[in-house]
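Student: I should like a close look at the charged side-chain pairs of this model, and then at the local features around them. Please treat them in one connected account.

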Amino acid sequence: MTVSQALIEFLANQWTVDGEIRERTIPGVFGIFGHGNVAGVGQALRQLNVDQPDLMPYHQARNEQAMVHQSVGYARMHRRRGTFASTASVGPGATNMLTGAALATTNRLPALLLPSDTFATRVADPVLQQLEQPWDIGLTVNDAFRPLSKFFDRVQRPEQLYSIALGAMRVLTDPADTGAVTIALPEDVQAETLDVPVSFLQEREWHLRRPLPEPGALARAVAAIRSAKRPFIVAGGGVIYSTAEEALKAVVEATGIPVGTTQAGGGSLVWNHPLYVGAVGATGTTAANRLASEADLVIGIGTRYSDFTTASRTAFRDPGVQFVNINVAAFDAYKHGTQLPVIADARETLVALAGELAGHRVEAPYAERIAREKAEWDDAVDAAFAPSGRDLPGQPEIIGAVQSATGPADVIVQAAGSLPGDLHKLWRVRDPLGYHVEYAYSCMGYEIAGGLGVKRGLTASGDDRDVIIMVGDGSYLMLNSELLTAVAEGIKVIVILIQNHGFASIGHLSETVGSERFGTKYRMYDPETRNFQGEVLPVDLAMNARSYGIDVVEIPPGPGSIDALHVAVVAAKASDRGTFIQVHSDPLIYGPGGEGWWDVPVPGASTLESTQRARAEYDRLRQAQRPLLGTEGPE
């Protein structure tokens, strides 16, 4: 066999086992072919397509970055039990996947990358698209994947394939250390032959580790929880990946401890559970942030504590606050300088905690405070969702209209801009897998490709729920070509484009840091002011979407636009085809504040009065930051 043929057949026979669940680790390959992989991996896929068409399906894509995004979307829906492989050609085809690699690793989600590389033999040197560095002749563009990958290797000789392939699978199925896995494949080595042991091609199972908590660590955590007066749980993505929602629910119902969620933890509890107080942190709710600010014990479950989750270290303000960090990864379990790490699987730890905390419950005044804060925030969301009758509705109204038209199990997909913040606060999650916002890397352009991956993941599980992709015009313009992939394969997704003629999120941020929305509007260039502040650009994104062959619904501005949006989403759900819905919004209408903060440094010196005012406000807010050690704020 060739190296490529052996690798592809090997991947087709890998299985992930999680308890009673057994599924293909790599159910398919995304690919865009060029001279670097058409005769190697491309030929191997074609050969299987002829000989064993069901063994390793091939899926065409339009952008290499988008291939990785699809893999990540699929992986999250399968709770990291499976992902796709992505093959790209030499040079720009390979480096186009770099952003996807960073996104996968940052989100702790598996994705297998197979970038082609230049000749290992150097028989023709340099070749087309080869990067040459005189200080390191062996360096190729694929070395850029090293800092972005949880595993990286290059098949320089055919005999190296076996150990590299097995090492790659180990990391893809490692719950503590997964992310982008990169196997660089020189284009000549891809086509070389070798005698392949039958054992390499036989079915192999990879059993997911669910490590139990150590007795000592568990006992210390239990003692801290029992002694806390105002405990607060931060539920992260690890709750979802560990299938720990029911175990979490059992613990909080027994103890009365409130739960706030990160972006990745959305769905850990349904929105109307009495102890779910909503999103926590910079994009959090008043309920979660007020309780977090007074918590004397924070129980982090499967969270990496990003700056949005901690509100840039201003969320947890009690001078003596302690952290019990439950995480399968020691790297995350030790964050915030804690002395109470529990390095174990989230579900197994929660099951153990349920037994150890039997009979323990928070005191009545704290329970009453939780209920009061939750009710107040729920009222705020109701008010934000109420139609205003404006010609250009605000984003909260749009979210409310979409929410009312969707089913309890439908999945909302988003990634960047102002939508993640509003969705984090406002979207009422009704299913553990119903909230899919990529916010670890917050990658503009993830939405459509990631949404396709989500839908593929659902379809592979026999689940026909709808996938609703919400995207702003800024992100849409970054990467919209996968709409054609959806049409080509008949993948039904519902895309809702919010047209606000610019970067709404960064525009608002620019204003708060004193940069006066500079460069954030989509306008014609004004040569007199040397700025983009002329007429609105004559762009027609609905026409662009229509050109891909997807059904398009345009909601014109007007007092009835919110009702029209609701009707359009209901109709899209009833259709068996994908639908693109365009709605116009006013980017200056914001959702209710959640009393969170995000540290974006403001210049200490400026000739702009707006920047001077912003710096004064920045200095004031920064005083609430909690250092890693001690209780003193910043100087």
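Tutor: Aspartate 551 is partly exposed, with a relative accessible area of 29%, where buried stands for under 20%, exposed for over 50% and partly exposed for the range in between, with a 1.4 Å probe and protein chains only. The side chain of aspartate 551 meets that of arginine 577 in a salt bridge, at 2.8 Å from N to O; the term requires a side-chain nitrogen of Lys or Arg within 4 Å of a carboxyl oxygen of Asp or Glu. This pair links distant parts of the chain, 26 residues apart: aspartate 551 belongs to strand S20 (residues 551-555), whereas arginine 577 is in the loop between helix H23 (561-574) and strand S21 (579-584). Helices (H or I, at least four residues) and strands (E, at least two) are DSSP runs numbered from the N terminus. Arginine 577 is likewise partly exposed, its relative accessible area being 40%. Elsewhere, Arg290, Glu294, Arg369, Glu373, Glu376 and Glu595 are joined into one network by salt bridges that share partners.

The model is predicted, so that local features need pLDDT of at least 70 and side-chain atom pairs count only at pLDDT 80 or more, whereas totals for chains, interfaces and linings use all residues. Residues are numbered from 1 along each chain as its sequence is written, and side-chain values use heavy atoms, with hydrogens and water left out.

In total, the structure holds 37 salt bridges. A further pair is formed by aspartate 431 and arginine 465, whose closest N and O atoms are 2.8 Å apart. Here too distant parts of the chain are linked, over 34 residues: aspartate 431 is in the loop between helix H17 (419-426) and strand S17 (435-437), and arginine 465 in the loop between helix H18 (446-460) and strand S18 (467-472). Aspartate 431 counts as buried at 16% relative accessibility, and arginine 465 counts as buried at 13%. Arginine 157 forms a salt bridge with glutamate 159, with 3.5 Å between the closest N and O atoms. Glutamate 159 is partly exposed, at a relative accessible area of 48%.

Two arginines deserve attention for their backbone. Arginine 79, in the loop between helix H3 (64-77) and strand S5 (85-88), has phi near 50°, a positive value in a residue other than glycine. Arginine 79 counts as buried at 11% relative accessibility. Arginine 122 has a positive phi of about 55° although it is not a glycine, and its relative accessible area of 43% makes it partly exposed. The loop that holds arginine 122 is the one between S6 and S7. Proline 126 lies in the loop between strand S6 (111-117) and strand S7 (151-154), and the peptide bond leading to it from aspartate 125 is cis, with omega near 0°.

Asparagine 480 offers an uncharged example, in the loop between helix H19 (473-478) and helix H20 (482-489). Asparagine 480 is buried, with a relative accessible area of 12%. Its side chain makes a polar contact of 2.5 Å with the side chain of tyrosine 548; such a contact is a pair of N or O atoms within 3.5 Å, where within protein one must be able to donate a hydrogen and the other to accept it, and residues adjacent in sequence count only if both atoms are side-chain atoms. A polar atom of the asparagine 480 side chain also lies 3.0 Å from the backbone oxygen of tyrosine 476. Leaving aside residues up to four places away in sequence, asparagine 480 touches Ile448, Asn544 and Tyr548, contact being heavy atoms within 4.5 Å.

The interior space remains. The structure holds three cavities of 30 Å³ or more, a cavity being a set of points, on a 1 Å grid over the protein atoms alone, where a 1.4 Å probe fits but cannot get out. About 180 Å³ of space lies in the largest cavity, the volume being that filled by probe spheres set on the points, which are joined across faces, edges and corners. The largest cavity is lined by 21 residues, and Tyr276, Gly278, Trp377, Lys425 and Trp427 lie nearest its centre. Strand S12 (276-279), helix H15 (364-385) and H17 are the elements that give two or more residues to this lining; lining residues have an atom within 4 Å of a point. The lining divides into twelve nonpolar, five polar and four charged residues, with Ala, Val, Leu, Ile, Met, Phe, Trp, Tyr, Cys and Pro counted as nonpolar, Asp, Glu, Lys and Arg as charged, and the others, Gly among them, as polar.

Notes. 1 Å grid on protein atoms, 1.4 Å probe; cavity = no way out; pocket = protein on both sides within 12 Å on 5 of 7 lines; lining within 4 Å.
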